[in-house]
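This report walks through one structure for a reader who has not met it before. The sequence and coordinates are shown next.

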Amino acid sequence: MSGSPRRLGVLIDGAPMSEDEAVACWNRFSLWMEEHRGDLAGFAEAEGFASVHPGLDGDKPILRVSRAKPQVPYTSAKRT
């Protein structure tokens, strides 16, 4: 495998979380989704946000969280 490994990212209303915080958030997100399949709104609420939208930024997995943007139903991750 060549190149650097993909890193996990989290944007809060467009502002990036530090890498350590993003990894921790992704770990919580993964555990939540294993226990509550498809419950994005529940995870967002548990974290103190209005919504969470998983996606891809190039090949980087990213969570876009918002304090104001409403939650939409779970769909396949979208690339940006």
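Contact means that heavy atoms lie within 4.5 Å. The model is a predicted one. On that footing, and leaving aside neighbours within four places in sequence, L63 is in contact with G9, V10, L11, C25, W26, F29, V52, H53 and P54.

**Strands**

Two of the contacts of L63, V10 and L11, also appear in the strand pairing. V10 stands opposite L63 in β4. The strands β1 and β4 are parallel to each other and are paired over 4 bridges. Strand β1 has another partner, β2 (residues 15-16), to which 2 bridges join it in the antiparallel sense. Here L11 stands opposite P16 in β2. A hairpin is formed by β1 and β2, with 2 residues between them, and D13 in its turn has a positive phi of about 50°.

H53, another contact of L63, lies in strand β3. Is H53 buried or exposed? With a relative accessible area of 14%, H53 falls under the 20% limit and so counts as buried. Not counting residues up to four places away in sequence, H53 touches I62, L63, R64, K69, P70, Q71 and V72.

**Helix α1**

Helix α1 covers residues 19-35. Its 17 residues, at 1.5 Å a residue, should span 24 Å, and the end C-alpha atoms are 24 Å apart, which agrees. Which residues of α1 are buried? They are A22, C25, W26, F29 and M33. Seen down the helix axis, these buried residues fall within an arc of 100°, so they line one face of α1. The exposed residues D20, L31, E34 and E35 are on the other side of α1. The cover over the buried residues of α1 includes β1 (9-12), α2 (40-47), β3 (51-57) and β4 (60-66).

**Nonpolar core**

The largest nonpolar core has 15 residues, and V10, F29, V52 and L63 are the ones that touch the most other members. At least two residues of this core come from each of β1, α1, α2 and β4. Helix α1 gives the most, with 5 residues.

**Aromatic pairs**

How many aromatic pairs does the structure hold? There are 2 aromatic pairs, set out below.

| Pair | Centre to centre | Between the planes | Arrangement |
|---|---|---|---|
| W26 and F29 | 5.5 Å | 80° | edge-to-face |
| F29 and F43 | 5.2 Å | 80° | edge-to-face |

W26 and F29 both lie in helix α1, 3 residues apart, which is about one turn of the helix. Both W26 and F29 are buried. The pair of F29 and F43 has one residue in helix α1 and the other in helix α2, so this pair ties together parts that are 14 residues apart in sequence. F29 has a relative accessible area of 7% and is buried, while F43 counts as buried at 2% relative accessibility. Through these ring pairs, W26, F29 and F43 are linked into a cluster.

**Where the descriptions meet**

F29 recurs across these sections. F29 is one of the buried residues of α1, is in contact with L63, and is among the residues that touch the most other members of the largest nonpolar core. L63 is also among those core residues, and V10 stands opposite L63 in β4.

Technical notes
Residues numbered from 1 in each chain as written. Predicted model: local features only at pLDDT ≥ 70, side-chain atom pairs only at ≥ 80, totals over all residues. Heavy atoms only, no water. Expected span 1.5 Å × (residues − 1). Buried < 20%, exposed > 50% of the residue type's maximum accessible area, 1.4 Å probe, protein only. Arc of directions from axis to C-beta. Core = buried A, V, L, I, M, F, W, Y, C linked by side-chain atoms within 4.5 Å. Pairing = 2+ DSSP bridges. Phe/Tyr/Trp six-rings, centres within 6.5 Å; stacked < 30°, edge-to-face > 60°.
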